[in-house]
Amino acid sequence: IYRVMKNHTWGVVWFGSQHYQKIVSALETLSGKVKTGKGFNVNPVPHIWYKTNKGGSQNNPDLVELNQYEPFLRIREGDPRLFKKAVGNVLAYPMDTGSDREHFAQKTEAVMSDILERYTFGSMHVIDPTYGRGMVFLAAKKLGRTFSGAEANKENRERAVRGLREGV
């Protein structure tokens, strides 16, 4: 990602909260910041997607509560500015449920649109290196951004392409 990002641009990294320290350390180390003082600037305060419909996932309902939020880190290359001003670090949107939820880590189009409006403008290019269901691309398309990415899972790729064609 560091090699691909242009100067003065933003990135978003989703992660499980148990991996916070490992993710921050990897982003700083892999980008060379620890050794050179250059590289990704990582905001250490996570942003949160609060799932307002009390959706969530868990493996054992007898022992574990629903995860009603997902954290993400905002990273930047250089010194970009926010395009959507006066916004907080908690995004409150319902998660997709039922037949609308096709991927275990699926984000919603509304969440992705909010993020893209904060960190991109005009026809900026959006890259998603693990696009899953393709919600980033759907939001990017509707906002007039160009986009590209990769997805290792063939079923996810096919679903994402189908979703872009159908607009859902």
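This passage describes the fold, the strand pairing, the enclosed helices and several individual residues of a predicted model.

The secondary structure of the protein chain consists of 5 helices and 7 strands. Read from the N terminus, the elements follow the order β-α-α-β-β-β-β-α-β-α-β-α. The radius of gyration is 16 Å, close to the 15 Å that the globule rule gives for 168 residues, so the chain is as compact as a globular protein of that length. The C-alpha trace spans about 45 × 40 × 35 Å along its principal axes. Of the 168 residues, 36% count as buried. Contacts between residues at least 6 apart in sequence were also examined, and 64% of them join residues at least 24 apart.

The accessible surface of the protein chain amounts to about 10000 Å², and carbon and sulfur atoms account for 54% of this area. The chain carries 25 positive and 17 negative side chains. The centres of these two sets are 7 Å apart.

Strand β4 covers residues 69–77, and 7 of its 9 residues are buried, so that the strand is mostly covered under the cut-off of 20% relative accessible area. Three strands pair with β4 in the antiparallel sense, as described in turn below. Strand β1, made up of residues 9–14, pairs with β4 over 6 bridges. Within this pairing, W10 has R76 of β4 as its bridge partner. Strand β2, residues 41–42, runs antiparallel to β4 and is joined to it by 2 bridges. Here R76 of β4 is the bridge partner of N41. R76 is thus a bridge partner both of W10 and of N41. Strand β3, residues 47–51, pairs with β4 through 4 bridges. In that pairing, H47 is matched with F72 of β4.

Helix α3 spans residues 109–119 and is mostly covered, with 8 of its 11 residues buried. The buried positions of α3 are V111, M112, S113, D114, I115, L116, R118 and Y119. These residues pack against β1, β3 and β4, and also against β5 (90–93), β6 (125–128) and α4 (135–142). The surroundings of α3 therefore include β4, under the criterion that contact means heavy atoms within 4.5 Å.

Helix α4 is largely enclosed by the rest of the structure, because 6 of its 8 residues are buried. The buried residues are M135, V136, F137, L138, A139 and A140. Their cover includes α3 and β6, together with β7 (146–149) and α5 (154–166). After α4 comes G144, which has a positive phi near 80°.

Positive phi values also occur at residues that are not glycines. H8, in the segment before β1, has a phi of about 65°. With a relative accessibility of 45%, H8 counts as partly exposed. A86 has a positive phi of about 55° and is likewise not a glycine. This alanine, A86, lies in the loop between β4 and β5. A86 counts as exposed, because its relative accessibility is 88%, where exposed means over 50%.

N7 and M95 each provide an example of a position outside the helices and strands with a partner distant in sequence. N7 is placed in the segment before β1. At 46% relative accessibility, N7 counts as partly exposed. Apart from its neighbours within four places in sequence, N7 is in contact with E77 and G78. The C-alpha atoms of N7 and P80 are separated by 8.0 Å, although the two residues are 73 residues apart along the chain. M95 is located in the loop between β5 and α3. Its relative accessible area is 5%, so M95 is buried. M95 and K54 are 41 residues apart in sequence, and their C-alpha atoms are 8.3 Å apart in space.

Notes. Residues are numbered from 1 along each chain as its sequence is written. This is a predicted model: local features need pLDDT of at least 70, side-chain atom pairs count only at pLDDT 80 or more; totals for chains, interfaces and linings use all residues. Side-chain values use heavy atoms; hydrogens and water are left out. Buried means under 20% relative accessible area, exposed over 50%, partly exposed in between (1.4 Å probe, protein chains only). Two strands pair if DSSP finds at least two bridges between them. The radius of gyration is taken over C-alpha atoms; the globule rule is 2.2 Å times the number of residues to the power 0.38. Accessible areas come from the Shrake-Rupley method with a 1.4 Å probe; for residues, only the protein chains shown count as cover. Lys and Arg count as positive and Asp and Glu as negative; His and the chain ends are not counted. The place of a charge is taken as NZ of Lys, CZ of Arg, CG of Asp or CD of Glu.
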